[in-house]
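Trainee: I'd like to learn how the labels get attached to a structure like this. Can we go through them together?
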Protein chains: 2
Amino acid sequence: MLNVGIDLGGTNIKAGLVTDDGTILAKRIFPTRVSEGFEAILGDMIMLVNGVIHDARYTKQQVVGIGIGIPGIQNHRNNRIAFCNNLNWCDVPLLDRLQERTSMPCFAENDAAVAALAEANFGASRNTHDSILITLGTGVGGGMIMDGRIHTGSHGVGVEMGHMVLVANGKKCTCGKRGCWESYASATALIRQGRMILRKRQSAALEKLVQGKIENLTAQSIIDLAKKGDEACLKAFKRYVYHLSAGIASLINAFDPERIVLGGGISHAGDFLLSAVREEVKQLVFCNELPFADIVLAKLGNDAGIIGASLLCCRN
Amino acid sequence: MLNVGIDLGGTNIKAGLVTDDGTILAKRIFPTRVSEGFEAILGDMIMLVNGVIHDARYTKQQVVGIGIGIPGIQNHRNNRIAFCNNLNWCDVPLLDRLQERTSMPCFAENDAAVAALAEANFGASRNTHDSILITLGTGVGGGMIMDGRIHTGSHGVGVEMGHMVLVANGKKCTCGKRGCWESYASATALIRQGRMILRKRQSAALEKLVQGKIENLTAQSIIDLAKKGDEACLKAFKRYVYHLSAGIASLINAFDPERIVLGGGISHAGDFLLSAVREEVKQLVFCNELPFADIVLAKLGNDAGIIGASLLCCRN
């Protein structure tokens with residue numbers, strides 16, 4: 001069974017022709033023309049679909065459907081995209097329009113949910129029933145798999161774990177509320193700490209690394225220096241790990257999932273991050289004498305979006 | 001079908017003979033002899049079971065099983081109670097021992113989960129698939145119902161929503177961690193605010209009410225004065241409502257349940273609490289333009305524990 005998976009992001013649209021064992025036979029990528037609006041992006045998606053089918057030397061008739069991971073909320077009640085902040089989309093009939101133009105069944109879910117589905121089928125949470133993927137990037141996303149299926153919630157609007165309140169009355173979040181987990185556990189949050197280090201001139205090594213250009217500052221550079229023992233960066237890293245772990249412990253205390261998978265850019269910090277988070281979470285869960293979720297790193301990397309999206313066509 | 005439901009609390013043991021439509025035919029109550037240990041409490045539970053069956057003029061042969069709501073964690077992997085802090089129990093084989101002595105099948109779940117099951121079957125969350133009961137008492141408990149069944153979690157140790165982190169690095173909780181929701185949303189938290197009001201002499205009305213005795217101070221008295229417009233009590237109430245609502249919004253953002261039910265002593269504040277919480281939660285959920293969980297008051301009151309416990313015998 002062949003499906004097309006599309007990973008629709010604020011920067012790029014990635015599409016792949018995927019077999020039902022999760023193998024990507026062909027892949028194409030195209031910049032997301034946000035400023036040109038919905039019709040332009042719809043056209044590009046159709047071009048990508050046709051492109052990957054052609055690249056792999058198949059025909060549309062051999063492909064079952066199209067699944068899309070969207071950077072927002074798919075409203076399953078009216079089959080429209082409710083919101084995609086990055087794309088300036090609100091109440092957009094993407095699926096109906098795409099189906100009309102391609103004559104193929106189309107499905108969409110939040111991108112983090114789709115990546116969680118991919119990890120649960122072929123990646124870090126394979127052979128589990130219930131898992132949560134947390135994506136640590138510009139924001140904090142989350143996808144929850146229950147009994148092998150995406151948990152879309154009772155109102156069909158999905159979950160937004162990054163917006164659990166972690167610090168009541170805390171920092172203002174991009175969503176307009178205060179104290180969201182995302183404001184403390186995203187790459188953006190770590191970079192904010194790095195900026196503070198530079199402003200206060202607390203790390204010569206970090207100054208050298210960015211060479212006077214604040215735009216050279218990345219979350220990875222702070223983590224790299226923390227790993228090397230730079231005092232200010234290590235302090236920032238520990239603070240970051242605490243906040244990330246407190247949110248993970250909240251999820252464990254509230255739901256007791258089987259496994260938690262860390263994905264997104266920050267997860268590339270690998271074992272240095274993972275061991276610190278495991279240690280901290282153990283201190284923060286309600287009862288660490290009883291078994292609780294194991295925490296692991298995502299395995300599928302950037303392909304999780306395409307693979308997971310393609311799986312949306314298999315679920316019915 | 002008849003079952004016995006037992007609500008095992010730190011102060012009292014309540015037992016009832018319950019029909020499968022949730023009617024309590026007979027009810028008995030007995031103080032919990034915590035200091036006399038497990039064997040004494042086990043004996044009292046057996047006496048209560050026999051008592052309620054006798055009171056309703058039935059025989060043991062006509063009763064299917066015994067369900068127990070426990071103030072702690074039932075470990076379903078080894079069929080033992082993992083923890084009951086209030087009873088000083090740790091790794092206790094309650095079910096095996098009770099079954100041995102009564103020759104009836106016995107089941108146990110956390111008391112908040114059991115109350116949630118009762119509300120889902122016969123109370124405020126009737127006709128929903130997924131609901132969360134939040135019990136606002138000395139602590140904050142929570143029970144989650146998914147697809148009509150208690151969500152016991154992947155590790156069979158249940159959920160402890162009151163210990164989600166709400167204020168990172170916040171107040172010390174009774175569990176030993178910091179910043180748990182319970183430390184801000186329990187009756188204890190509201191009473192702590194009341195003590196502060198008395199210490200700072202901010203409310204003549206509250207002083208008058210407690211008549212110089214700090215032990216007369218209850219959460220209800222603060223809420224009553226807030227309702228009457230007492231400035232300091234209203235401020236404390238609003239602060240309490242914010243923290244309660246922030247945790248509810250976290251559950252909604254992370255999980256999108258169908259309905260949230262407020263129970264426990266604080267919920268007796270009724271519509272004054274409910275309308276304030278609904279208003280605040282609306283401000284705090286990620287996307288209040290899309291549908292989200294409705295919030296209601298529990299309906300079954302103190303009987304929820306007995307009724308829900310009896311339902312444990314029906315689930316298999």
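Mentor: Sure, and we'll begin with polar contact: a pair of N or O atoms within 3.5 Å, where within protein one must be able to donate a hydrogen and the other to accept it, and residues adjacent in sequence count only if both atoms are side-chain atoms. By that rule, 24 residue pairs, both at pLDDT 80 or more, are in polar contact across the interface of chain B and chain A. This is a predicted model, where local features need pLDDT of at least 70, side-chain atom pairs count only at pLDDT 80 or more, and totals for chains, interfaces and linings use all residues. Side-chain values use heavy atoms, with hydrogens and water left out, residues are numbered from 1 along each chain as its sequence is written, and chains are lettered from A and ligands numbered from 1 in the order in which they are written.

Trainee: How many salt bridges does the rule find across the interface of chain B and chain A?

Mentor: It finds 0 there. A salt bridge needs a side-chain nitrogen of Lys or Arg within 4 Å of a carboxyl oxygen of Asp or Glu. Over all chains, though, the search gives 20.

Trainee: What makes A:Asp303 and A:Lys27 a salt bridge?

Mentor: Their N to O distance is 2.7 Å, and the limit is 4 Å, so the pair qualifies. The two sit 276 residues apart, with A:Asp303 in the loop between β13 and α10 of chain A and A:Lys27 in strand β3. Strands here are DSSP runs of E, at least two residues, and helices are runs of H or I, at least four, numbered from the N terminus.

Trainee: Why is A:Lys27 called partly exposed?

Mentor: Buried means under 20% relative accessible area and exposed means over 50%, with partly exposed in between (1.4 Å probe, protein chains only). A:Lys27 has 47%, so the middle label fits. A:Asp303, at 25%, gets that label too.

Trainee: And what makes B:Arg201 exposed?

Mentor: Its value is 62%, and the label needs over 50%. B:Arg201 forms a salt bridge with B:Glu207, with the closest N and O atoms 2.6 Å apart. B:Glu207 is partly exposed at 23%.

Trainee: Why does A:Cys106 have no disulfide with A:Cys313?

Mentor: A disulfide is a pair of cysteine sulfur atoms within 2.5 Å. The closest cysteine sulfur to that of A:Cys106 is in A:Cys313, 7.8 Å away, which is too far for a bond. The structure holds 0 disulfides over all chains.

Trainee: How do you know whether A:Cys106 is buried or exposed?

Mentor: Its relative accessible area is 6%, so A:Cys106 is buried. B:Cys233, at 0%, is buried as well.
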